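Student: I am new to this structure and would like a close look at one part of it, the open sheet and the helices that pack on it. Could you walk me through that part and then show me how it sits beside the rest of the chain?

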Amino acid sequence: MEIRVLRYFLEIAREENMTRASERLHVSQPTLSKQMKDLEEELGKKLFRRGSASIHLTDEGMLLRKRAEDILSMVDKTTDEFRAMNEITGGDVYIGCAESHQIRYLAEIIRKFRERYPLLKYHILSGDTVQVAERLDRGLLDFAVIVEPPNLQKYNYIELPVANTWGVVMRKDCPLAKIQSVTVDDLIGYDLISSPQSLEADFPRWCGEKLDELNITGTVNLFYNGTVFVKAGNCLLLTFDRLADTGNESELCFRPLTPTLESKMFIIWKRYQVFSPIAELLIDEIKNTFT
């Protein structure tokens, strides 16, 4: 299976049309059709359902599309790393980040770092610990910022200096907005959403068995989307402090939990990882900053 053929396959999958794909790839349509037929024979599976005007992927084709995107992402990242070996003024760095106000520390480090390495390009993937750790393990990220203690058998880490404080984001017309902090008993009867990770790892240590008494109506992995549901009056959002805009012009407010619930953050990278030159310089900068 050749890299070139995988690029052809992905272009056909995106265009859903062999003629348009051949034009974009500057490859003749008969050549492109033959490459796809050979690919199907190599895999022993049909990848396309061919209609009169368009082409759609089979279930097997959808699986190959996901794998091909990962493979080509890794190929492109590797190519960029080798190019950067002769150009230490810059290069690409791929970072996975949980949502937290503490990301400001990383942002400030990168701002100063780019004064010395102006051709640095940084690519931020936001997600929960499971999502970013999975991409880190597959080599698609250089390092990640996560919200739970790292697996020391797999990762090296740096602990960020300040813990995140948990609380509730709600509309200002919510009855709970009148109190200064929120207990688990205060939350009973309200529709609540939070991240799947926090419901599994954080809230059991805060409220124990009373977690079963809370009305968890959904989950969300990105903070902003959660606030949209809060503003619409669907629910309250359990999340970190300093993420929501709670100023005078905002319709939202934040109330901390009591007793206090906190989560530390860690910058992690794979043990024995070989960084690109620019990524290694950046991770050294991070180490020096926090140590």
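**The open sheet and its helices**

Tutor: Of the 291 residues in this chain, 45% count as buried. Keep in mind as we go that the model is predicted. The chain holds 11 helices and 13 strands, and its C-alpha trace spans about 70 × 50 × 40 Å along the principal axes. If you take the contacts between residues at least 6 apart in sequence, 73% of them join residues at least 24 apart.

Now to the sheet you asked about. It is open and built from five strands, which follow the order 4-3-5-13-6 with mixed pairing. At its edges are strand 4 (119–126) and strand 6 (155–159), each of which pairs on one side only. On average, neighbouring strands in this sheet are turned by 25° against each other, direction ignored.

Let us look at one of those edges. Strand 6 pairs with strand 13, residues 266–270, in the antiparallel sense, and five bridges link the two. To find one of these pairs on screen, pick Glu-159: its bridge partner in strand 13 is Phe-266.

Next come the helices. Helix 6, residues 129–137, packs on the sheet and touches strand 3 (90–97), strand 4, strand 5 (143–146), strand 6 and strand 13. The direction of helix 6 makes about 165° with that of strand 5. Helix 11, residues 277–290, also packs on the sheet, with contacts to strand 3, strand 4, strand 5, strand 6 and strand 13. Its direction makes about 55° with that of strand 3.

Helix 11 has a helix partner as well. Its axis and that of helix 5 (residues 103–116) come within 11 Å and cross at roughly 125°. Helix 5 is therefore oblique to helix 11, and the crossing is right-handed. On the helix 5 side, the residues that meet helix 11 are Tyr-105, Leu-106, Ile-109, Ile-110, Phe-113 and Arg-116. They face Ile-278, Leu-281, Leu-282, Glu-285, Ile-286, Thr-289 and Phe-290 in helix 11. Sorted by type, the residues of this contact comprise 10 nonpolar, one polar and two charged.

For another helix pair, turn to helix 2 (residues 18–25) and helix 3 (residues 29–43). Their axes come within 9 Å and cross at roughly 105°, so the two helices are roughly perpendicular to each other. Here Met-18, Thr-19, Ala-21, Ser-22 and Leu-25 of helix 2 meet Gln-29, Leu-32 and Ser-33 of helix 3. This contact divides into four nonpolar residues, four polar and no charged.

Finally, here is a single residue in another strand. Ile-193 lies in strand 8, which covers residues 191–194. It counts as buried because its relative accessibility is 8%, and the cut-off for buried is under 20%. Which residues does Ile-193 contact, leaving aside its neighbours within four places in sequence? They are Thr-217, Gly-218, Val-220, Gly-226, Phe-229, Cys-235, Leu-236, Leu-237 and Leu-238. Take Cys-235 from that list: it is 42 residues from Ile-193 along the chain, yet their C-alpha atoms are separated by 6.7 Å.

Key. Residues are numbered from 1 along each chain as its sequence is written. This is a predicted model: local features need pLDDT of at least 70, side-chain atom pairs count only at pLDDT 80 or more; totals for chains, interfaces and linings use all residues. Side-chain values use heavy atoms; hydrogens and water are left out. Two strands pair if DSSP finds at least two bridges between them. Helices (H or I, at least four residues) and strands (E, at least two) are DSSP runs, numbered from the N terminus. Axes are lines fitted to C-alpha atoms, for helices over the stretch in contact, and angles run from 0 to 180 degrees between N-to-C directions. Contact means heavy atoms within 4.5 Å. Angles under 35 degrees count as roughly parallel, over 145 as roughly antiparallel, 65 to 115 as roughly perpendicular and the rest as oblique. A crossing is left-handed if the near helix is turned anticlockwise from the far one by less than a right angle, and right-handed if clockwise. Ala, Val, Leu, Ile, Met, Phe, Trp, Tyr, Cys and Pro count as nonpolar, Asp, Glu, Lys and Arg as charged, and the others, Gly among them, as polar. Buried means under 20% relative accessible area, exposed over 50%, partly exposed in between (1.4 Å probe, protein chains only).
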